[in-house]
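Me: I'm new to this one, so can we go through it together, one question at a time?

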Amino acid sequence: MSKLDEINSFDYSKLNKVFSSIAMDHLGLVLTEANGGGKQPEGTFISFDIISPYIPIDEFFDVTQEEAFETVVSFTLFDISKTNALFAAQALRKTLTQFDVDIQLRQQGIIIAEIMPTNIRAIPEQVFDKHMVGFDVRLRLQETYTDGTIDSISDVEIEKRGNLNG
């Protein structure tokens, strides 16, 4: 076991797993990790990327244990037809707003803070033979890190002093 394995920080692979499950269960689409290598899936598929892994919610308040933070993830749909890619992107977008999906995400400690506009995405000198349409999503997450070097306060005693009525 390495020292890195001892740190109990947020596990970003959880995002890939939960969104992969949603894509397959609700739309029948494969979700792949962006720049993950390997063979491109046939037909329409989703590429998932974490583009801003850590955005502090309050940059002036330094909480290191179990703090809430935000992350921006990107969903890009690939299809040989541009209109199919647009349709699939909108279908995924709408799926992420469904009540049952919201509950599924919240059970995993994931809250959708914002779904950004859908746009056409392109790569210079077209590497892919498919059209790309996508959108980004801002998520609110909670860090799992706890500082094992600090003793926690487990009991507080309050001592009454003076007259409370003034």
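Me: Is Arg121 buried or exposed?
Reply: Keep in mind that this is a predicted model. The cut-off for buried is under 20% relative accessible area. Arg121 comes out at 18%, so it counts as buried.

Me: Which residue does Arg121 meet in a salt bridge?
Reply: In general, side chains of opposite charge can pair when their charged atoms come close. Here the N to O distance is 2.9 Å, and the salt-bridge rule asks for within 4 Å. The partner of Arg121 is Asp136.

Me: How many residues apart in sequence are the parts tied together by Asp136 and Arg121?
Reply: Asp136 is buried too, with a relative accessible area of 17%. It sits in strand 6, while Arg121 belongs to strand 5 (residues 119-121). So the pair ties together parts whose separation in sequence is 15 residues.

Me: Why are Asp102 and Arg106 about one helical turn apart?
Reply: These two form a salt bridge, with the closest N and O atoms 3.1 Å apart. Asp102 is partly exposed at 24%, and Arg106 is partly exposed at 47%. The one-turn spacing arises because they are four residues apart in helix 4.

Me: Are Lys39 and Glu42 buried or exposed?
Reply: Their side chains meet in a salt bridge, 3.6 Å from N to O. Exposed means over 50% relative accessible area. Lys39 has 72% and Glu42 has 66%, so Lys39 is exposed and Glu42 is also exposed.

Me: How many salt bridges are there by this rule?
Reply: Some of the charged residues are linked in a network: Glu70, Glu114, Arg138 and Arg140. The total count of salt bridges comes to six.

Me: Which elements give two or more residues to the largest nonpolar core?
Reply: In soluble globular proteins, nonpolar side chains tend to be buried together. This core has 27 residues, and those touching the most other members include Leu15, Phe75 and Leu139. The elements giving two or more residues are helix 2 (13-27), strand 2, strand 3 (68-79), helix 3 (82-95), helix 4 (99-107) and strand 6.

Me: Is Ser47 buried or exposed?
Reply: Ser47 is placed in strand 2 (residues 45-56). Beyond its neighbours within four places in sequence, it contacts several residues, among them Thr32, Phe75 and Phe78. Its relative accessibility is 13%, so Ser47 counts as buried.

Me: What is the area of the nonpolar surface patch made by Ile153, Val156 and Ile158?
Reply: Val156 is found in the segment after strand 6 (131-142). At 62% relative accessibility, Val156 counts as exposed. Together with Ile153 and Ile158, it makes a patch of about 410 Å².

Terms used. Residues numbered from 1 in each chain as written. Predicted model: local features only at pLDDT ≥ 70, side-chain atom pairs only at ≥ 80, totals over all residues. Heavy atoms only, no water. Patch = residues over 30% accessible without salt bridge, like charges linked within 9 Å, V, L, I, M, F, W, Y side chains within 5 Å. Areas by Shrake-Rupley, 256 points an atom, 1.4 Å probe, with all protein chains shown as cover. Buried < 20%, exposed > 50% of the residue type's maximum accessible area, 1.4 Å probe, protein only. Contact = heavy atoms within 4.5 Å. Core = buried A, V, L, I, M, F, W, Y, C linked by side-chain atoms within 4.5 Å.
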